[in-house]
Amino acid sequence: MSTVRIAGASVPSLAPQIRLRFDEARRRWTLLAPERVLVPDEIAVEVLQLCDGVATVDTIAAALAAKFQAPPDEVSRDVIEMLQDLADKGMLVA
Amino acid sequence: MTAVEPPLALLAELTHRCPLQCPYCSNPLEMDRAATELDTAAWQRVFDEAAKLGVLHVHFSGGEPAVRRDLEMLVARCAGLGLYTNLITSAVLIDRARMQALAKAGLNHVQISVQGSDPANADRIGGYAGGHARKIEVAGFVREAGLPLTLNAVMHRQNLGELGEVIGLAVQLGARRLEVAHVQYYGWALKNRAALMPTRAQLERATATVEAARARLKGTLVIDYVVPDYYARRPKACMGGWGRRFLNVSPNGSVLPCHAASTLPGMTFENVKERSLKDIWYGSEAFERFRGTGWMPEPCRSCDQREIDWGGCRCQAFALTGALEAVDPACEFAEGHAALVASAEDESAGPAPALIYRRIGTALV
């Protein structure tokens, strides 16, 4: 296995041990991993909800750029950085 | 004092029965007998209450949880409630069909323990012939069932030399996570301390091995590392703090802030058969007893680490000092710290005594 490198053409999805779930008791989204609970920020939740194992990073970034009326290049850079960080932690596959 | 937050995780000790006899088992020296175990309906009610209370993770543990024939039904109940389910298992009792059934029931994750990488040594430590080979086989069933795998390796002076191979084994088995857990010394492990305690030099080599592997395997394998706190300067935040994050339901239904808390004298732990999980979490004396920082003596009370380590481990403090509220001797500011480190160093340098295996009755020897 080699280290995952996220690029525009990558098709990201959460690693099989990770679940994205809304936590009713605390009214917030959580990423559940074995023995870990992470609280992603709002933008991360938007991105992760689009990581369905079908859409490419480019598609995801374009959708978010349109939704938030933000510059596509900037959004793309931020999305890749965020997903790379999760991939480095073993939480994302592509 | 800040408001009490809901618990994040529940450790469900379904049974104390286990085919293995590891001499560092985290179960109490006095184990619950099979006849006193909660039945299926009682466990399902516990999970219903846990989900409502805000629990996100359920860890099925034991003993060996697969001893329970209703494990699939319990997993299914949790899955229906949206709880993240983790099976903590020795693996030796699980066959291919059972693993498939567990996956179908909605299990999220499997954690298999190994006693090392050398089959003969691992079987000797676990007290179960053929166990290591069986675990390797079952790890394959986990992969086949499409379930994520964590390997858990408890390390000590009798297997630390195998650490590099243990890391290799985790990668080879397709685990995405490895827990390298140095033995923590209470209960059975405290009885076997001299036989298990590594030297400081062994510990330093192990730490370097883990750090190198983390860098090399970034993105492939996550390594969680638990150090033996006798050689640390500050104690561990046991359970993330008493009554802050975790609750533990023992086989007979007692609710504990940690799995070892039944060793603490003079405390009453309430039972799910008599009171709801919510009432026990928010309202029981046992959970209030060491919650937060109000109970702390000096030097903990004014220490700037008090909300980081939460006063360390109560079970360890009591086991080593005989006083419930004593400073955890793992802390460098504890009175007995230097003596504790010295005894660990002495024991680790001397010959290893014979292991006392986890069996009903042997703890009394």
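Buried residues make up 30% of the 94 residues in chain A. I start there, with chain A, and then go to its contact with chain B and to two places in chain B. Please keep in mind that this is a predicted model.

First, confidence. The model scores ipTM 0.82 and pTM 0.91. In chain A the average pLDDT is 91, and 98% of the residues score at least 70. If you go through the elements of chain A, helix 2, residues 57-68, has the highest mean pLDDT, at 95, and strand 4, residues 36-38, has the lowest, at 90. For chain B the mean pLDDT is 94, with 98% of the residues at 70 or more. As a general caution, where pLDDT is low, the predicted coordinates should not be read in detail.

Now the build of chain A. There are 3 helices and 5 strands in chain A. Along the sequence the order is β-β-β-β-α-α-α-β. Along the principal axes, the C-alpha atoms of chain A fill a box of roughly 35 × 35 × 20 Å. What radius of gyration does chain A have, and what would a compact globule with 94 residues have? Chain A has 13 Å, and the globule would have a value near 12 Å, so the two agree. On contacts inside chain A, take those between residues at least 6 apart in sequence: 52% of them join residues at least 24 apart.

Next, the interface. How many residues of chain A are in contact with chain B? It is 19 residues of chain A, and they meet 19 residues of chain B. Three elements of chain A each supply at least two residues to that side: strand 2 (19-23), strand 3 (28-33) and helix 3 (72-88). Strand 2 of chain A gives the most, with 3 residues. By type, the residues on the side of chain A that touches chain B are 9 nonpolar, 6 charged and 4 polar.

Over to chain B, and strand 1, residues 9-13. This strand of chain B is mostly covered, with 5 of its 5 residues buried. In a regular strand the side chains alternate between the two faces of the sheet. In strand 1 of chain B, Leu10(B) and Ala12(B) point one way, while Ala9(B), Leu11(B) and Glu13(B) point the other, and all are buried. Note that Glu13(B) is on that buried list.

Which strands pair with strand 1 of chain B? One is strand 2 of chain B, residues 57-61, which pairs with strand 1 in the parallel sense over 5 bridges. The other one to mention is strand 8 of chain B, residues 246-249, which runs parallel to strand 1 and is joined to it by 4 bridges. Leu10(B) is a handy marker for both pairings. In strand 2 of chain B it is Val58(B) that stands opposite Leu10(B), and in strand 8 of chain B it is Leu247(B). Between strand 1 and strand 2 of chain B comes helix 1, residues 40-53, and these three elements make a right-handed β-α-β unit.

Last, a loop residue. Ala129(B) lies in the loop between helix 4 (119-126) and helix 5 (131-144) of chain B. Is Ala129(B) buried or exposed? It counts as exposed, because it has 12 C-beta neighbours inside 10 Å. From Ala129(B) to Met296(B) the separation is 167 residues in sequence and 46 Å in space, C-alpha to C-alpha.

That is what I have for today.

Methods
Residues numbered from 1 in each chain as written. Chains lettered and ligands numbered in written order. Predicted model: local features only at pLDDT ≥ 70, side-chain atom pairs only at ≥ 80, totals over all residues. Contact = placed C-beta atoms within 7 Å. Nonpolar A, V, L, I, M, F, W, Y, C, P; charged D, E, K, R; others polar. Buried ≥ 20, exposed ≤ 12 C-beta atoms within 10 Å, placed from the backbone. Pairing = 2+ DSSP bridges. Right-handed = clockwise from strand over helix to strand, strands pointing away. pLDDT = per-residue confidence, 0-100. Rg over C-alpha atoms; globule rule 2.2 N^0.38 Å.
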